[in-house]
Amino acid sequence: MTDLPGNNPAVGDPGPAPSPDFKPMLARPRRACRATQGDLMSDVKWTGGVEHWIQKGDIRLFMWEKKASPKVPHAGTIFFVHGSSMASQPTFDLSVPGRPYSSAMDWFSDHGFDTWTMDNEGYGRSDKKRNINFDISNGADDLAAGSQYIMEKTGAKSLLLYGIS
């Protein structure tokens with residue numbers, strides 16, 4: 001590949017010139033987005049799974065489930081846990097045309113796992129009505145509520161947790 005134009009900086013070939021319409025990113029005007037993450041999430045149409053809503057006291061928490069493929073032996077139940085900068089579905093169930101398995105939930109469900117994820121309080125589609133710092137302790141309470149719901153709903157004796165931040 002190094003002999004193609006534009007791919008060999010060692011010989012001083014800068015590659016093809018940009019088109020006359022090319023504008024660097026910094027020269028483009030920025031557009032303000034007034035929508036909140038919750039507003040955007042409600043406009044997205046998620047497919048292939050089942051929505052669940054649970055209560056943690058007076059707080060509603062959103063959960064999303066994708067069942068294991070019946071084509072392979074059941075391998076367990078995974079509960080995906082998002083970090084402090086992103087909601088659950090875009091983190092673990094993002095579908096990108098032309099990129100199979102950009103959704104971790106799809107990959108694991110195709111390999112025999114029941115998959116679940118949840119928006120912790122203050123994120124995604126879950127309640128954001130309390131003016132608090134959504135800290136580790138609050139997240140642990142959310143996970144306890146979500147884990148209990150999954151185990152009661154499915155009869156699973158244990159869960160595999162997969163978290164990122």
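## Exercises on the sheet and the largest pocket

In this predicted model, K66 has T115 of β4 as its bridge partner.

**Exercise 1.** Work outward from that pair: which strands are joined, how many bridges join them, and how do they run?

*Solution.* Start with the ranges. Strand β2 covers residues 59-66, and strand β4 covers residues 113-119. Five bridges join the two. They run antiparallel.

**Exercise 2.** Place β2 and β4 in the sheet. In what order do the strands lie, and is the sheet open or closed?

*Solution.* Write out the order: β1-β2-β4-β3-β5. These five strands form an open sheet with mixed pairing. Next, find the edges. They are β1 (50-56) and β5 (160-163), each of which pairs on one side only. Then add the twist, which averages 25° from one strand to the next.

**Exercise 3.** Which strands does helix α4 touch, and what angle does its direction make with that of β1?

*Solution.* Locate the helix at residues 136-154. α4 packs on the sheet and touches β1, β2, β3 (76-81) and β4. Now compare directions: those of α4 and β1 make about 125°.

**Exercise 4.** Describe the largest pocket. What is its volume, how many residues line it, and which element gives the most to the lining?

*Solution.* Begin with the volume, about 300 Å³. Count the lining next: 18 residues. Nearest the centre of this pocket lie H82, N120, D135, I136 and G139. Sort the lining by class: seven residues are nonpolar, eight polar and three charged. Finally, assign the main contributor. α4 gives the most, with six residues.

Methods: Residues numbered from 1 in each chain as written. Predicted model: local features only at pLDDT ≥ 70, side-chain atom pairs only at ≥ 80, totals over all residues. Heavy atoms only, no water. Pairing = 2+ DSSP bridges. Helix = DSSP H or I, 4+ residues; strand = E, 2+ residues; numbered from the N terminus. Axes fitted to C-alpha atoms, helices over the stretch in contact; angles between N-to-C directions. Contact = heavy atoms within 4.5 Å. 1 Å grid on protein atoms, 1.4 Å probe; cavity = no way out; pocket = protein on both sides within 12 Å on 5 of 7 lines; lining within 4 Å. Points joined across faces, edges and corners; volume = space filled by probe spheres on them. Nonpolar A, V, L, I, M, F, W, Y, C, P; charged D, E, K, R; others polar.
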